[in-house]
Amino acid sequence: MATTLHLRSESKPLEHRSALTPSTTKALLEAGYKINVERSPERIFDDSEFSDVGATLVPEGSWVDAPSDHIIVGLKELPEESFPLKHTHVQFAHCYKNQGGWQEVLSRFPRGGGTLLDLEFLQDETGRRVAAFGYHAGYAGAALAVEAWAYQLQNPDKPTPFPSVSSYANQDLLLADVRKAVETGRSLSGRLPRVLVIGALGRCGRGAVDLCTQAGIPDSNILKWDMAETAKGGPFTEIVESDIFVNCIYLSDPIPPFLNAESLSSPSRNLSVVCDVSCDTTNPHNPVPIYSENSTFSNPTLEVPGYKNPPLSVISIDHLPSLLPREASEAFSTALLPSLVTLKDRKTTRVWKQAEELFDSKVALLPAELTKREA
């Protein structure tokens with residue numbers, strides 16, 4: 001009997017990406033899978049693009065009542081509900097690094113007999129993630145940071161909130177807007193911004209650097225930092241002396257903060273925009289401890305109180321790649337496809353077996369009363 005994958009509609013507002021695309025769905029169908037695709041009002045791909053390649057369209061939200069042997073595929077975390085989860089879920093759950101509320105999120109799986117195969121922790125033989133949205137997260141985050149820098153210069157005396165943003169149909173349209181912002185900032189300040197990217201050698205950092213370069217910021221204005229430059233431990237004066245700071249690190253262990261209230265009090269501060277692409281908002285070891293909530297596409301920046309000349313804003317959107325949903329989805333799903341093809345053999349395939357072992361180890365950390373199987 002064919003293994004059934006059920007692509008759920010994303011419930012997060014303005015989340016237009018998809019774990020499966022029409023092209024990867026077609027490949028999975030050809031590999032012998034049955035694919036059910038929930039109709040979605042938000043997904044960048046039309047429902048018809050999936051049915052045209054042979055997928056079966058099903059109602060939005062129908063995953064809840066799907067047979068327990070169907071594998072539920074999604075991207076962002078599920079809505080905050082409490083009912084037990086009976087399926088195997090392939091998604092980002094954001095509950096393995098002691099994030100706020102992680103116990104409540106994770107305990108739903110053992111209580112229902114379900115399993116979480118977290119996309120964030122799927123690794124190849126070298127320990128590298130098999131698929132990630134990092135490049136487009138960095139690209140989109142840097143784009144918004146540059147636009148926010150220019151916007152502040154346009155509103156120096158009476159700052160107004162950076163306006164809402166929405167997804168772009170393609171990358172060229174986004175880049176055109178960022179280039180306009182760079183020229184606006186240059187005309188108002190007489191110079192181009194100095195941008196510091198930490199994590200510049202990773203996927204995310206490369207995306208941020210590429211955006212800056214393509215937007216017309218010269219290489220001499222882009223500080224590309226990685227582990228070697230941060231090894232001595234922060235805070236770093238180079239951050240506050242830059243106009244824009246883009247944090248792209250993957251946080252796995254506690255590290256000293258990159259900046260704090262003391263470093264931001266420096267008279268040489270030029271820093272006006274921080275984009276925390278990593279967005280470890282609820283992580284107790286967040287190295288950018290100057291904000292405590294996520295920003296959104298509707299309200300892209302958070303003002304850090306107490307700072308003027310220049311003011312200081314933080315971008316902490318946790319689904320930045322959705323600014324470029326089609327390109328980001330295609331890149332991610334294509335990279336994930338070789339692993340998806342082996343899902344039917346997940347009990348013996350290394351990447352999925354390792355993911356399930358990690359799930360079991362995290363469940364073992366939960367209090368026993370939270371993992372009791374419900375009838």
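Helices (H or I, at least four residues) and strands (E, at least two) are taken here as DSSP runs, numbered from the N terminus. The model is a predicted one, so local features need pLDDT of at least 70 and side-chain atom pairs count only at pLDDT 80 or more, while totals for chains, interfaces and linings use all residues. Residues are numbered from 1 along each chain as its sequence is written, and side-chain values use heavy atoms, with hydrogens and water left out.

Helix H6 is a handy place to start. It covers residues 203-214, twelve in total, and its first and last C-alpha atoms are 16 Å apart. That is close to the 16 Å expected at 1.5 Å a residue, the expected span being 1.5 Å times one less than the number of residues. Just past the end of H6, Gly216 adopts a positive phi of about 100°. Buried residues (under 20% relative accessible area, with exposed over 50% and partly exposed in between, 1.4 Å probe, protein chains only) in H6 are Cys204, Gly205, Gly207, Ala208, Val209, Leu211 and Cys212. These pack against H4, helix H5 (171-189), strand S7 (195-198), S8 and S9, contact meaning heavy atoms within 4.5 Å.

As for the sheet, six strands make up an open one with mixed pairing, in the order S8-S7-S9-S10-S12-S11. Two strands count as paired if DSSP finds at least two bridges between them. At the edges sit S8 (222-225) and S11 (302-303), each paired on one side only. S7 and S8 run parallel, joined by four bridges, with Ile198 opposite Trp225 in S8. S7 is covered on both faces: Val195 and Val197 are buried on one side, Leu196 and Ile198 on the other. Further along, S10 (residues 273-276) and S12 (residues 313-315) also pair in the parallel sense, over three bridges, and here Val274 faces Val314 in S12.

Helix H4 (residues 134-154) lies across S9 (244-247), S10 and S12, at about 165° to S10. That angle is between N-to-C directions, on a scale from 0 to 180 degrees, with axes fitted to C-alpha atoms and, for helices, over the stretch in contact.

H4 turns up again in the largest cavity, where it supplies the largest share of the lining, three residues. The structure has two cavities of 30 Å³ or more, and the largest holds about 90 Å³ of space. Ten residues line that cavity, with Tyr151, Gln152, Thr160, Glu303 and Ser313 nearest its centre. A cavity is a set of points, on a 1 Å grid over the protein atoms alone, where a 1.4 Å probe fits but cannot get out; lining residues have an atom within 4 Å of a point.

Technical notes:
1 Å grid on protein atoms, 1.4 Å probe; cavity = no way out; pocket = protein on both sides within 12 Å on 5 of 7 lines; lining within 4 Å. Points joined across faces, edges and corners; volume = space filled by probe spheres on them.
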